[in-house]
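Here are my notes on the model, set out as numbered points. Please read them with the structure open.

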Amino acid sequence: MKCIKPVFKSEDFKFITSGREDKDVRMLSDGRPFLIEIKNARVCKLDQEFYRDLQQQVNGSTELVGIWYLQEVEKTACSLILSGETEKQKHYRCLVQSSEPLSVADIENLNNKDVFTIKQNTPIRVLHRRAPLIREKTIFDMKATYVSENFFLMDLVTQAGTYIKEFVHGDLG
């Protein structure tokens with residue numbers, strides 16, 4: 001990312017992703033689209049070879065991040081990327097530890113839920129970048145599997161934008 005400003009002779013840039021995962025949440029599948037918005041660029045057009053070389057440079061520098069199909073796009077692409085933030089359903093698997101011993105019957109009670117809506121306050125951990133609002137989010141499916149008296153697996157299908165960590169263990173958990 002350090003090369004962005006000098007290459008485009010720009011004042012700054014903004015990294016825009018389709019959704020936001022926490023740093024300790026593993027992304028499975030093919031990843032997600034992103035944009036880099038260049039602010040006040042003095043170099044506006046670069047050829048496809050530049051983007052191909054930059055992609056190879058990033059992919060060769062780390063195993064933690066991979067880029068595919070790096071290319072210049074029109075400004076309208078931003079609205080396409082951001083549109084999925086509220087429309088998508090997300091699938092999560094959590095290993096949950098309970099401070100109290102749980103029985104198989106306790107776990108089964110979690111499985112007897114229909115689709116439901118929750119109201120979530122903006123978590124403390126993201127207040128520096130998100131407005132302090134109450135957001136309604138839908139939990140489409142929730143299945144728990146007993147592991148031991150203090151652990152269970154929880155599979156969730158939720159509306160995009162649901163704060164999963166807070167749903168599972170509260171804002172300060």
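1. What percentage of the residues of the chain count as buried? Of 173 residues, 26% do. The model is a predicted one, and the points below should be read as such. The exposed surface of the chain comes to about 12,400 Å², with carbon and sulfur atoms supplying 53% of it.

2. On the fold: the chain holds five helices and six strands. Their order from the N terminus is α-β-β-α-α-β-α-β-β-β-α. If one takes the contacts between residues at least 6 apart in sequence, 61% of them join residues at least 24 apart.

3. On the cores: the largest nonpolar core consists of 13 residues, and F152, M154 and L156 have the most contacts inside it. Two or more residues of this core come from each of β3 (89–97), β5 (134–148) and β6 (151–159). A second core, separate from that one, has six residues, among them I4, Y51, L54 and L70.

4. M154 deserves a look of its own. Leaving aside residues up to four places away in sequence, M154 touches Y92, R93, C94, V96, M142, K143, A144, F167 and V168.

5. On salt bridges: the whole structure has five. One of them joins the side chains of R93 and D155, at 2.7 Å from N to O. R93 belongs to strand β3 and D155 to strand β6, so this pair ties together parts 62 residues apart in sequence. R93 is exposed, at 59% relative accessible area, while D155 is partly exposed at 23%.

6. Another salt bridge brings together the side chains of R125 and E166, at 2.6 Å from N to O. R125 sits in the loop between β4 (116–121) and β5, and E166 in helix α5 (residues 164–169); the two are 41 residues apart and link distant parts of the chain. R125 is partly exposed, with 29% relative accessibility. Why does E166 count as buried? Its relative accessible area is 13%, and the cut-off for buried is under 20%.

7. D141 and K143 also form a salt bridge, with their closest N and O atoms 3.4 Å apart. D141 is partly exposed at 31% relative accessibility, and K143 is partly exposed at 39%.

8. Two backbone angles should be checked by eye. K9, which is not glycine, has a positive phi near 50°. K9 lies in the loop between α1 (4–8) and β1 (12–17) and is partly exposed, with a relative accessible area of 48%. N40, also not a glycine, has a positive phi of about 50°; N40 is placed in the loop between β2 (34–39) and α2 (48–61).

Technical notes
Residues numbered from 1 in each chain as written. Predicted model: local features only at pLDDT ≥ 70, side-chain atom pairs only at ≥ 80, totals over all residues. Heavy atoms only, no water. Helix = DSSP H or I, 4+ residues; strand = E, 2+ residues; numbered from the N terminus. Buried < 20%, exposed > 50% of the residue type's maximum accessible area, 1.4 Å probe, protein only. Contact = heavy atoms within 4.5 Å. Areas by Shrake-Rupley, 256 points an atom, 1.4 Å probe, with all protein chains shown as cover. Core = buried A, V, L, I, M, F, W, Y, C linked by side-chain atoms within 4.5 Å. Salt bridge = Lys/Arg side-chain N within 4 Å of Asp/Glu carboxyl O.
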